[in-house]
Amino acid sequence: MNPSYPNLCSPISIGPLTLKNRAYVAGHSMLLSDATGITDRHRAYLVERAEGGAAMVGIESAPVHPSSKDDRQNPLPLYSDVIIPSLAGTADAVHAAGSRLMLVMQHRGSHVSHITNHAPALAPSAIPDIQTGDVPLAASSADLADIRAAYGAAAKRCRTASVDVLEIMGALDYLIGAFLHPALNLRTDAYGGSLENRARLLMEILETVREATRGAIPTGVRLTVGDVVDEEDESALQRVIATARLIAGQGLVDYINIIRGSYRNMDNAMPAMHLPRMGLAEQSTQLREAIDVPVSFAGGIRTPREGEYLLANGHADLIAMARTWIAEPHWMAKLEAGNEDQIRPCISCNQACTGFLMRAMPASCILNPRAGRELEFAQPVRAVTPRRVAIVGGGPAGLEAARVAASRGHRVRLFEREHRLGGDMALAAADRQRAEMQLAIDWWLRELNRLGVEIVLDHEVSVVEPPEADALIWAIGANPSQVTVGRYRPQLVEGIAGAQGLPHGREFLRGERRANGRVLVIDEEGGWPVLVLAEALRCDPEVTNVTVITAERAALGENHTSFTFEGSVAARRVAKPGLQIRLGTFATLVEDGCATLAGGERIGPFDTIFLSTGTSAPDMPEGSQLAGDCLVPRGIWAAVSEGHALALSI
């Protein structure tokens, strides 16, 4: 036990089960399993977090009924006995690692397309789904009886497989959450109208699960305290408190976990880095004061200090985290060992966890490339023969390569041509909305110092005169170019006419170019690079007005923000005075400070014109070991993954 964290390290009972500490992995989707059950890949992911000290490890929401089946988002077939062997094997492995296994039971309600499921979706009322647009079928009493029975059958399968804890998904706008919300439940029968009626399905399901598990498995409920639909926060919270009192008062629940948001408001369901940490502390406190079962909340809890603060000040009884554990599987073990500074931070970027899931791909973490790939990337082991390793470039690829190589006992020198580490990640961190990016750079720097890496700043290494070393990794990033012009107009081999000598936005962000007066940004890259640039220009006292013409059609930055739940904050940022956005607009010619647009319109003159048109890899000697954007520009996840993999190969 770490004496600095007496509450986090203390045990707690939920129903008949005692957890060894107060920090657990909240159930979350990783898309690592399939319709046959829990795969070896998923099991390895869960077990590593069990080995990392989590009191219990939560599996993603699993559909209890075929009408909730969605192989793209929640493939685990909890409605079939086929899941029992893999689930039992996972429970055994998690127990052997010293933890408990929790599973979230759900019915997706209206969020199931009739195209994939070959039948209408079920919901309390015929309100069109926010995702599919389908009008669901209002569930009949026979449908509800069938679903209740399915929860009972699923609970029996979990009991057979030795699952330790069950959590009923009553949050978001899934089936139960929709029944609980008066705007989504327009029924006039026994399941609609009053709070007691709207909670009836949840209570019947809890009773069914209790009976199926013979009361031997603790049962929790996840509820949403706001933003299911647009409404006042206080009314949503009071409704949840009343629901919690109802189910806790009848002894149907052993703990309650609260979140915020729904598929109508996912920005708050998976809060990104621009939102406050521990955002539900006050709501959790009020709920905790109203009921006598343990309470936890998920969303923006990142550090041991935050967890201890919440417990010590009565805001929660348990600390639920998902993305934090994705980034750092040994969060609790490092805390208990007194090595809090070694905990890899979650920076709430949502790029490889939520962002990958939104693309229907297995989730990971931009800072932890092993997340979800534990079988592919084994834990680094000491090299038999330590070698001299030179790494050129101090961006994410080089930082991770240096960390992993040094952890294996190699003697590492890291060269960076700038006066600071981080590469383009440091440019993003300078934006106040992206400031948590700096936490990752700071962590890498602490790790490199701890591991004895020699860091050489302000030193540019020539590709024709590399440093002497037994192994050399190049991670020098990419150079600004007009490469993204070719996405929509590949015929412009030389780029936009007249734009060849224009400065790029990254040069402005690095302080290499200045701006003044009326500024034009020609954007065909999109995402956070242009958003950060536009905001930085708008805040420059020498700039009077910023115009951005962009290839993006719906919103500036949409090719990133639509996957990371940051669309609303990005829209608010670009709506501020001094910034004009012209969507779906292409420049065909730049001359005399003006730009001619596709269609013939000429705009300007401008005092300064910047390009935001992507980057291209530099020419590198054949056979070089390359990591990150100097191989081909992509993003942080690819850079860190390649730096990690190359360091393992030395």
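These notebook entries record what I looked up in a predicted model, taken element by element.

**Entry: strand β8 and its partners**

I began with strand β8, residues 165–169, and found it mostly covered, with 5 of its 5 residues buried. I then separated its two faces: Val165, Glu167 and Met169 lie on one side, Leu166 and Ile168 lie on the other, and all of them are buried. Looking for the neighbours in the pairing, I noted that strand β5 (residues 100–106) runs parallel to β8 over 4 bridges, and that strand β9 (residues 219–224) is also paired with β8 in the parallel sense, over 4 bridges. Ile168 served as my reference point on β8, since I could follow it in both directions: Met105 stands opposite Ile168, and in β9 the bridge partner of Ile168 is Val221.

**Entry: the crossing of α4 and α7**

I next looked up how helix α4 (residues 141–160) meets helix α7 (residues 200–213), and recorded that their axes come within 8 Å and cross at roughly 35°. The crossing is right-handed. On the α4 side the contact is made by Leu144, Arg148, Tyr151, Gly152, Ala155, Lys156 and Arg159, while α7 contributes Leu201, Glu204, Ile205, Thr208, Val209, Ala212 and Thr213. When I sorted the residues of this contact by character, they divided into 7 nonpolar, 3 polar and 4 charged. The spacing of the contact residues sent me back to a general point: an α-helix has 3.6 residues a turn, so residues three or four places apart point the same way.

**Entry: Gln283**

Is Gln283 buried or exposed? I placed Gln283 in helix α10, residues 281–290, and, because its relative accessibility is 14%, under the 20% cut-off, I entered it as buried. Leaving aside residues up to four places away in sequence, I found that Gln283 touches Val225, Leu237, Ile258 and Arg260.

**Entry: His459**

I turned to a loop position, His459, which lies between β15 (454–456) and β16. With a relative accessibility of 36%, His459 counts as partly exposed. Its contacts, again not counting residues up to four places away in sequence, are Phe415, Glu416 and Arg417. I also checked one separation, and the C-alpha atoms of His459 and Arg432, which are 27 residues apart along the chain, are separated by 28 Å.

**Entry: the sheet β21-β22-β23**

Here I recorded an open sheet of 3 strands in the order β21-β22-β23, with antiparallel pairing. β21 (587–591) and β23 (602–603) stand at the edges with a single partner strand each, so one side of each is left without a neighbour in the sheet. Strand β22, residues 594–597, pairs with β23 in the antiparallel sense over 2 bridges, and I noted that Ala595 stands opposite Ile603 in β23.

**Entry: helix α23**

Last, I looked at helix α23, residues 636–649, whose 14 residues reach 20 Å from the first C-alpha to the last, close to the 20 Å expected at 1.5 Å a residue. Since 10 of the 14 residues are buried, I wrote α23 down as largely enclosed by the rest of the structure. Among the buried residues are Ile636, Val640, Glu642, His644 and Leu646. What do the buried residues of α23 pack against? I traced them to α15 (396–407), α16 (424–429), α17 (437–450), β16 (471–474) and β26 (625–626).

Key: Residues numbered from 1 in each chain as written. Predicted model: local features only at pLDDT ≥ 70, side-chain atom pairs only at ≥ 80, totals over all residues. Heavy atoms only, no water. Expected span 1.5 Å × (residues − 1). Buried < 20%, exposed > 50% of the residue type's maximum accessible area, 1.4 Å probe, protein only. Contact = heavy atoms within 4.5 Å. Axes fitted to C-alpha atoms, helices over the stretch in contact; angles between N-to-C directions. Left-handed = near helix turned anticlockwise from the far one by under 90°. Nonpolar A, V, L, I, M, F, W, Y, C, P; charged D, E, K, R; others polar. Pairing = 2+ DSSP bridges.
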